[in-house]
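Here are some short exercises to work through with the sequence and the 3D view side by side. Try each task yourself before you read its solution.

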Amino acid sequence: MTTAASNAAHTENVDHDEVAKFTNLANEWWDKQGAFATLHEINPLRLNWICENVLEGMQSDLEGLKVVDIGCGGGILTESMARRGADATGIDLGEENLKAASVHAEQSGLSHTLRYEYVAAEEFASRHKGQFDVVTCMEMLEHVPDPSAIVQACFDLLKPGGVCVLSTINRNPKSYLFAIIGAEYVLRLLDRGTHDYAKFITPAELDKMATISGFTRQNLIGLHYNPITKRYWLAQNVDVNYMMAVKKPH
């Protein structure tokens, strides 16, 4: 496994203040009651939906598939995909995040199927074009200056027929109320300032980015939360948090 060691040449498409929001909390990535508790709680939903769209219902694991998780943070999703049998790579521009991810992977005995690299998505894509079966990019697009460049990198990384799963937050009054006022100020599920409403992305905008990159859309789903029952579920409404699966044509 490689940790945060390589030089990221293409770092123009990065907001260092955004990266710092997460690296400052790096020691909490694997604390299920800490700052990233929400990600731990929604991860099974995300993982199962990824598998459903990648495998089209044929099997429940990712055995033998090459997967790259862009903006992997502390490796919560990356590690779960490795546990499903994937040959997984996580990339990020937060060195402290990657250190936390690598330590946990070592402790979990997953170093043979899991690696992490400090590198920008665009640079990684220039070196690994057409090498992956699956690309994931979750909760990252709303934190970069040019999300369309990340979507293009996802396309470039995939083999023909490969699937990319993206997640982000819709931009409308409801999403402002739920994702910022509700999650950051009322329920305190996230630290204040985690999100910038102006950077939220509508499904139509994301669909256009994916189409321009060469993808065909495969699926779209919304992620929902009830603060009273503390239950998360997937549904067709995509007003706030949503995931989109897109496919690279053969």
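**Exercise 1.** Is Ala20 buried, partly exposed or exposed?

*Solution.* Keep in mind that this is a predicted model. Start by finding the residue: Ala20 lies in helix H1, which covers residues 16-23. Next, take its relative accessible area, which is 25%. Now recall the cut-offs: buried means under 20%, and exposed means over 50%. A value of 25% falls in between, so Ala20 is partly exposed. As an extra step, look at Leu141, 121 residues away from Ala20 along the chain; the two C-alpha atoms are 16 Å apart.

**Exercise 2.** Find the helix that holds Cys51, and decide whether Cys51 is buried or exposed.

*Solution.* First, the place: Cys51 belongs to helix H2, residues 37-55. Second, the accessibility: Cys51 has a relative value of 3%. Third, the cut-off: this is under 20%, so Cys51 counts as buried. Finally, turn to Val134: 83 residues separate Cys51 and Val134 in sequence, while their C-alpha atoms are 9.8 Å apart in space.

**Exercise 3.** Describe how strand S1 is placed and which strand it pairs with.

*Solution.* Begin with the extent of S1, residues 66-70. Of its five residues, four are buried, so S1 is largely enclosed by the rest of the structure. Then look for the partner: S1 pairs with strand S2 (residues 87-92) in the parallel sense, over five bridges. To see one of these pairings, go to Lys66, whose bridge partner in S2 is Asp87. A general point helps when you view strands: in a regular strand, side chains alternate between the two faces of the sheet.

**Exercise 4.** Which helices and strands does the chain have in number, and why can we call it as compact as a globular protein of its length?

*Solution.* Count the elements: there are eight helices and eight strands. Now compare two numbers: the radius of gyration is 17 Å, and the globule rule gives 18 Å for 250 residues. These values are close, so the chain is as compact as a globular protein of that length. For its extent, the C-alpha trace spans about 40 × 35 × 35 Å along the principal axes.

**Exercise 5.** What share of the residues is buried, and what share of the contacts joins residues at least 24 apart?

*Solution.* For burial, 54% of the 250 residues count as buried. For contacts, consider those between residues at least 6 apart in sequence: 72% of them join residues at least 24 apart.

Notes: Residues are numbered from 1 along each chain as its sequence is written. This is a predicted model: local features need pLDDT of at least 70, side-chain atom pairs count only at pLDDT 80 or more; totals for chains, interfaces and linings use all residues. Side-chain values use heavy atoms; hydrogens and water are left out. Helices (H or I, at least four residues) and strands (E, at least two) are DSSP runs, numbered from the N terminus. The radius of gyration is taken over C-alpha atoms; the globule rule is 2.2 Å times the number of residues to the power 0.38. Buried means under 20% relative accessible area, exposed over 50%, partly exposed in between (1.4 Å probe, protein chains only). Contact means heavy atoms within 4.5 Å. Two strands pair if DSSP finds at least two bridges between them.
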